[in-house]
Amino acid sequence: MERIVVVGAGHMGSVIAGGLVDGVPRAEVVVVEPSAERRPALDGRVEVTATYEPGPDDLLVLAIPPQAFDSFADGLPPGACARATVVSVMAGVRLETLASALGTDRVLRAMPNLASRVGQSMTVLCPGDQVPAGGVDRAKGALSVIGEVLAVQDESLLDAATAVAGSGPALVAYLAQSFADFSRAAGFAPADALLLTSQVLRGTADVLSEPGATPESLYRQASTPNGTTAAGIATLREHRVGESVRAALEATTERARELAG
Ligand SMILES: NC(=O)c1ccc[n+]([C@@H]2O[C@H](COP(=O)([O-])OP(=O)(O)OC[C@H]3O[C@@H](n4cnc5c(N)ncnc54)[C@H](OP(=O)(O)O)[C@@H]3O)[C@@H](O)[C@H]2O)c1
C-alpha cells in the first residue's frame with residue numbers, strides 16, 4: 001500500500017490529508033504534527049504522529065510554514081528522506097534548497113491555492129530534474145485531491161504561478177468586492193448581492209472552460225455594438241483596468257521572486 005505522509009496539519013495540510021483519505025482510499029495517510037492541540041482534529045481519520053518516522057518509498061508532502069523548514073530538516077535523522085519523494089507546498093522554498101537540506105534529489109515544488117478547501121485548487125507543480133516520471137505521477141495524483149494540477153519543467157514559472165494561481169483567488173475576490181458592493185448599493189440584500197457575484201464568477205469560469213473559449217472571445221461575444229456590456233467594457237478600458245490588473249500580477253510575481261531569494 002502506498003504511504004503518503006503529510007507534514008503540518010494547518011490549513012493546507014489538513015485539506016490535503018482529508019482529501020487523500022476520501023480520494024485515495026488505497027493509500028495509507030499519515031500526518032506529522034508536533035502541536036498537541038491540532039492533533040485531535042485529525043485523529044480517527046488518519047494516523048497522526050509528532051515526528052516523521054521514515055518508511056520505504058514514502059511520498060512526503062511538506063505543508064509547514066517556510067520559516068519552519070530549516071528546523072524541520074535539521075531535526076530529521078540522517079538519511080531520513082533518502083528513499084522518499086518529497087513534494088513541498090511551501091511558498092518560496094526553491095528546489096535546490098529542498099534538495100540540499102533534505103539530502104535527496106527527488107524533490108518537487110507545488111503552488112496550490114485557498115480553493116483547495118473546496119477541491120478547486122489550481123496547483124502548479126514543478127519537479128526537480130532527478131525526479132523519475134513515476135514520482136511526478138505520484139505527486140500529481142496526491143495533489144489532484146485538492147483540484148486541478150499543472151506540471152511545468154521551468155522552476156522560474158513558479159513565481160508567476162504564485163501570482164496567478166496562488167494569490168489569484170484573493171486578487172479575484174478583491175475585484176469581486178466591487179460587484180458585491182455595487183449590487184448592495186443598487187438595493188440587493190447582502191446575501192443576494194453575494195449570490196449574484198459568486199454565481200457570475202462560477203458561470204464565467206465554466207464558460208471559459210468550454211472548448212475554444214478565451215476571455216476575449218467571451219467578452220466580445222457578449223458586447224453588441226452600443227449595447228449594455230459594450231458600455232461597461234469601454235469604461236473598463238478608459239480606466240485602464242487591464243493595465244492595473246497586469247501591474248498587480250507583476251508586483252505579486254516580483255514579491256514571490258524576492259521571498260524565494
Ligand atoms: N493556505 C494556503 O492557501 C496556502 C497556499 C499556497 C501555499 N501554502 C503553503 O502551505 C504551507 C502551510 O500553510 P498553511 O496555511 O497550512 O499554514 P498553517 O495553517 O500555519 O499550518 C502550518 C502547520 O505546520 C505545522 N508545523 C510547523 N512546524 C512543523 C514541523 N517542524 N513539523 C510538523 N509540523 C509543523 C504548524 O504547527 P504549529 O501551529 O503548532 O506551529 C501548523 O499546524 C506554507 O508553507 C504555505 O506557504 C498555503
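## Close-ups of a two-domain predicted model

**View 1. Where domain 1 meets domain 2.** About 340 Å² is buried between domain 1 and domain 2, and carbon and sulfur atoms account for 66% of that area. Keep in mind that this is a predicted model. On the domain 1 side, G92, R94 and L114 do most of the work: they supply 80% of the area that domain 1 buries against domain 2, more than any other three residues. Sorted by type, the residues of domain 1 that touch domain 2 come out as 1 nonpolar, 2 polar and 1 charged.

**View 2. The two domains, side by side.** The domain assignment places domain 1 at residues 3-154 and domain 2 at residues 168-260. Each side brings a handful to the contact: 4 residues from domain 1 and 4 residues from domain 2. As for the C-alpha centres of the two domains, they sit 33 Å apart.

**View 3. Looking for polar links between the domains.** How many salt bridges are there between domain 1 and domain 2? The count is 0. Residue pairs in polar contact, with both partners at pLDDT 80 or more, also number 0 between domain 1 and domain 2.

**View 4. Around the ligand.** Here 23 residues surround the ligand, and the closest are H11, M12, E33, S35 and I64. Taken alone, the ligand would expose 900 Å², and the protein buries 74% of that.

**View 5. Oxygen atoms of the ligand, up close.** Which atoms of the protein come up to them? I64 brings a backbone N or O atom to 2.6 Å from an oxygen atom of the ligand. With H11 it's a polar side-chain atom, 2.9 Å from a ligand oxygen. G10 uses its backbone again, with an N or O atom 3.3 Å from an oxygen atom of the ligand.

Methods. Residues numbered from 1 in each chain as written. Predicted model: local features only at pLDDT ≥ 70, side-chain atom pairs only at ≥ 80, totals over all residues. Heavy atoms only, no water. Domains from an automatic or database assignment. Contact = heavy atoms within 4.5 Å. Buried area = accessible area lost by both parts, 1.4 Å probe. Salt bridge = Lys/Arg side-chain N within 4 Å of Asp/Glu carboxyl O. Polar contact = N/O pair within 3.5 Å; in protein donor to acceptor, adjacent residues only side chain to side chain. Nonpolar A, V, L, I, M, F, W, Y, C, P; charged D, E, K, R; others polar. Near = heavy atom within 4 Å. Areas by Shrake-Rupley, 256 points an atom, 1.4 Å probe, with all protein chains shown as cover.
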